[in-house]
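The following paragraphs walk through one protein chain and the ligand placed with it. Please look over the sequence and the structure first, then read on.

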Amino acid sequence: MSILIENISQQFGSNSILSKINLEISTGNLVALIGPSGSGKSSLLRIIAGLETPSQGRIWFSGKNATLLSIQERQIGFVFQEYALFPKLTIFENIAFGLEIQNKYFKSQVKSQVYELLYLTQLENFLKFYPYQLSGGQKQRVAFGRALAIEPKILLLDEPFGALDIKVRKNLRFWLRNFHEKLPVTSIFVTHDIHEAMEISDEIVLLKNGCVEQFGCPQEFYEHPATTFVQNFLNIAS
Ligand SMILES: Nc1ncnc2c1ncn2[C@@H]1O[C@H](COP(=O)(O)OP(=O)(O)OP(=O)(O)O)[C@@H](O)[C@H]1O
Ligand SMILES: [Mg+2]
């Protein structure tokens, strides 16, 4: 599903958080959203997910106006930085949760779908474990599995690997890229790590004070940084 962000602005009182954001994201792309702390990354994701209503502008999913759709109607998978797993449910039950509350599947269907997700997230051996028995990287994969259970066409990831050490981060980064190849999903992930953005994304959005400073593929960022701010952002990170 493609995502068109049209003239989105967000204001809280006299504070302008996002200002006239325009972005067009093609179906199947993995897009990194980067920028300094407070630049509006999470706010933009929340608006796309329907967790927040923008002051102005519209969101389109494959040509359909999604601005007024509820969170459920948008059918988006969302992964937060803190995995937010249910501690008293097993890994199997955590992943099944999204399917069960939809109340539209038979038990046997839920079971086979969860097995498929456990396979995709490489957690087949952990289905009876509880979250406290898993490592950070494994928990993060459960969070992915749960977000994917509803078969979203759009996946939004807010610093999905933020809490993990560098080695696990690197593994999961490539895992996400591979995994993206296999699924018909369009994803936006927030990261503070420019290397992560450069390595795995098809396109990068750099926000500064609620405005898009540059939008393009990693190569364009390297070869043609639009402003000195972009240049500095790349330099500081390297
Ligand atoms: N509900 C709200 N009311 C008032 N201000 C808000 C609200 N939500 C976010 N903000 C402000 O909007 C700005 C952008 O916040 P946001 O969480 O989008 O930043 P971010 O780019 O995700 O930062 P970080 O990298 O630190 O997570 C911040 O200054 C924040 O204080
Ligand atoms: Mg944030």
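This is a predicted model, and the ligand is a convenient place to begin. Around ligand 1 there are 13 residues, and those that come nearest are S37, G38, K41, S42 and S43. Three of these residues can be described by their distances to oxygen atoms of the ligand. In S37, a polar side-chain atom lies 2.5 Å from an oxygen atom of ligand 1. In S43, an N or O atom of the side chain is 2.6 Å from an oxygen atom of ligand 1. In G38, the atom concerned is a backbone N or O atom, 2.8 Å from an oxygen atom of ligand 1. As for the ligand's surface, ligand 1 taken alone exposes 640 Å², and the protein buries 60% of that.

What kinds of residue make up the shell around ligand 1? By class, the shell has 7 polar, 3 nonpolar and 3 charged residues. Its largest share, 4 residues, comes from helix α1, which covers residues 41–49.

Helix α1 deserves a closer look. Of its 9 residues, 7 are buried, so α1 is largely enclosed by the rest of the structure. The buried residues of α1 are K41, S43, L44, L45, I47, I48 and A49. Two of these names, K41 and S43, also appear among the residues that come nearest to ligand 1. Just after α1 comes G50, which takes a positive phi of about 90°.

From here it helps to step back to the whole chain. The protein chain has 9 helices and 10 strands. Its radius of gyration is 18 Å, close to the 18 Å that the globule rule gives for 238 residues, so the chain is as compact as a globular protein of that length. Along its principal axes, the C-alpha trace spans about 55 × 40 × 30 Å. Of the 238 residues, 49% count as buried.

A database record adds an annotation. An unreviewed UniProt entry lists residues 3–234 as "domain: ABC transporter". In the model, that span is 38% helix and 26% strand, and its end C-alpha atoms lie 26 Å apart.

Helix α6, residues 166–182, contains I166, and R173 lies in α6 as well. Is each of these residues buried or exposed? I166 is exposed, because its relative accessible area is 51% and the cut-off for exposed is over 50%. R173 is buried, because its relative accessible area is 2%, and buried means under 20%. The side chain of R173 is also joined to that of E196 by a polar contact of 3.3 Å. For I166, a distance across the model can be given: its C-alpha atom is separated by 24 Å from that of C217, and the two residues are 51 residues apart along the chain.

Another exposed residue is found in helix α4, where E116 is placed. E116 has a relative accessible area of 54%, which means that it counts as exposed. Between E116 and G145 the C-alpha to C-alpha distance is 9.5 Å, and the two are 29 residues apart in sequence.

The loops offer further points to visit. N29 lies in the loop between β2 (15–25) and β3 (30–34). N29 is buried, because its relative accessible area is 17%. Along the chain, N29 and Q219 are 190 residues apart, while their C-alpha atoms are separated by 15 Å.

Two other loop residues are picked out by their backbone angles. Most residues other than glycine have a negative phi. Q122 is not a glycine, although it has a positive phi of about 55°. Q122 is found in the loop between α4 (107–120) and α5 (136–148). With a relative accessible area of 45%, Q122 is partly exposed.

E151 is a residue other than glycine too, and its phi is positive, near 50°. The place of E151 is in the loop between α5 and β7, the latter being residues 154–158. E151 is partly exposed, with a relative accessible area of 48%.

Methods. Residues numbered from 1 in each chain as written. Chains lettered and ligands numbered in written order. Predicted model: local features only at pLDDT ≥ 70, side-chain atom pairs only at ≥ 80, totals over all residues. Heavy atoms only, no water. Near = heavy atom within 4 Å. Polar contact = N/O pair within 3.5 Å; in protein donor to acceptor, adjacent residues only side chain to side chain. Areas by Shrake-Rupley, 256 points an atom, 1.4 Å probe, with all protein chains shown as cover. Helix = DSSP H or I, 4+ residues; strand = E, 2+ residues; numbered from the N terminus. Nonpolar A, V, L, I, M, F, W, Y, C, P; charged D, E, K, R; others polar. Buried < 20%, exposed > 50% of the residue type's maximum accessible area, 1.4 Å probe, protein only. UniProt positions renumbered as here; feature names shortened; annotations may be inferred. Rg over C-alpha atoms; globule rule 2.2 N^0.38 Å.
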